[in-house]
Number of protein chains: 2
Amino acid sequence: MAFDLYIVTDEAVGLGRSHIDLARMALQGGADVIQLRDKKMPSRQLYQVASGIRALTLDAGALFIVNDRVDIALASMADGVHLGQQDLAVAEARRIAPPGFIIGCSVGTPQEAVLAETAGADYIALSPIFPTTSKDDAGNGHGLATLRSIRSVSSLPLVAIGGINKGNVAPVIAAGADGVAVISAVLGTEDVASAAADLREAICMAKRDQYPEC
Amino acid sequence: MAFDLYIVTDEAVGLGRSHIDLARMALQGGADVIQLRDKKMPSRQLYQVASGIRALTLDAGALFIVNDRVDIALASMADGVHLGQQDLAVAEARRIAPPGFIIGCSVGTPQEAVLAETAGADYIALSPIFPTTSKDDAGNGHGLATLRSIRSVSSLPLVAIGGINKGNVAPVIAAGADGVAVISAVLGTEDVASAAADLREAICMAKRDQYPEC
Ligand code: NI
């Protein structure tokens, strides 16, 4: 599983474009993971959107993750679900998911990272690492020191989210992130595909500096 | 499965009492089914409430159904899910549910009833039969004639919901409903257990008139 560039769709910052259009453009720019996040859309419509993004991600060879809704993830044959601290707990989601279903979990502290790993998470996301206004539940950033602490206690794939852009991604990778999740830095631009490609290039450069053997 | 008295919990009409308290009182009054319905509660909290109502309904020998959220229903070991026309479609829910999982579906016309039955619904609910203000998605009532039409095209257990109370339940049963679902007629009263018991008695009386052989 590659988590280098992980895009969380959010129609609120997408300049009027739909989840499916945003996902298509992000995939054109090389996104490795698309997460569908919509806390307000009725279930039937969310399922239809999820099915559309599932088809696009299969074509692109990218992962597809649904935020919060395990049922929508299962019904749309997504690769997995992403769970925040207000969503179903990892252990409960694991109980109702089939083998191989990816479960990601937002964490804010090393303790939460250890709990998520023990409960069976497949990857963790430090959220938010920097201050951001994209997510309605985001607050102050936890910072690079927290990212390093989490890296030191967990070997799970670790994604950082919140306020990251191509200008500040290098220290995030250097602090141990396997990948970077963004919302507005990519979706809030006119040319989403270019913004995604630029950020992905910056992530790759930072990884090359960090892991010269790769 | 007995659907005689089917209570849909709604904290908005419950005079400040919680879903769990409302369910407990309704079960004391003899409710056969409790449906947990909350479109706004975060998933983790909804799961905790569902688990609480699951325990109460098991003690009471009543069915427990979760509105909309198949994942919360599965995680809390509910008996099933109830799907509105904006929720996941019956066929999709059936695909991700284990054998024996009950799927109910709201319908407004005989055509929708036939579609629900074909898709694999275990019961159907005519919603709303009479005008009501309890449910945010409720409109004008479909009326007794629609109930009769649906009865004539489907042999599934048929529940009527919307504006029903002990004073008007007899014609609803006479028109072919197997049971009656209510929200405010029971939950909007001070003594929920008594209101539930009174309504259940009215349903039983109406059924005795309708089916004297029982
Ligand atoms: Ni935090």
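Student: How many aromatic pairs does the structure hold over all chains?

Tutor: There are 6 over all chains, where a pair means rings of Phe, Tyr or Trp (its six-membered ring) with centres within 6.5 Å. Keep in mind that this is a predicted model, where local features need pLDDT of at least 70, side-chain atom pairs count only at pLDDT 80 or more, and totals for chains, interfaces and linings use all residues. Residues are numbered from 1 along each chain as written, chains are lettered from A and ligands numbered from 1 in the order written, and side-chain values use heavy atoms, leaving out hydrogens and water.

Student: Why is the pair of A:Phe3 and A:Tyr123 called tilted?

Tutor: Planes under 30 degrees apart count as stacked, over 60 as edge-to-face and the rest as tilted. A:Phe3 and A:Tyr123 have 40° between their planes, and their centres are 4.8 Å apart, so "tilted" it is.

Student: What does that pair tie together?

Tutor: A:Phe3 lies in the segment before strand S1 (5-9) of chain A and A:Tyr123 in strand S6 (residues 123-126) of chain A, so the pair links parts 120 residues apart in sequence. Strands here are DSSP runs (E, at least two residues) and helices are too (H or I, at least four), numbered from the N terminus.

Student: How do you know whether A:Phe3 is buried or exposed?

Tutor: Check its relative accessible area: under 20% is buried, over 50% exposed, and in between partly exposed (1.4 Å probe, protein chains only). A:Phe3 has 3%, so buried. A:Tyr123, at 0%, is buried as well.

Student: What makes H1(A) roughly parallel to H2(A)?

Tutor: The axes of helix H1 (residues 19-28) and helix H2 (residues 43-60) of chain A come within 9 Å and cross at roughly 10°. Axes are lines fitted to C-alpha atoms, for helices over the stretch in contact, with angles from 0 to 180 degrees between N-to-C directions. Under 35 degrees counts as roughly parallel, over 145 as roughly antiparallel, 65 to 115 as roughly perpendicular and the rest as oblique. So H1(A) is roughly parallel to H2(A).

Student: Which residues in H1(A) meet H2(A)?

Tutor: They include A:Ile20 and A:Leu27, and among the H2(A) residues they meet are A:Val49 and A:Leu56. Contact means heavy atoms within 4.5 Å.

Student: Why are the two copies said to be related as by a two-fold rotation axis?

Tutor: A rotation of 180° with 0.0 Å of shift along its axis superposes chain A on chain B (RMSD 0.0 Å). The fit is by least squares on C-alpha atoms of residues with pLDDT of at least 70 in both. The copies are thus related as by a two-fold rotation axis.
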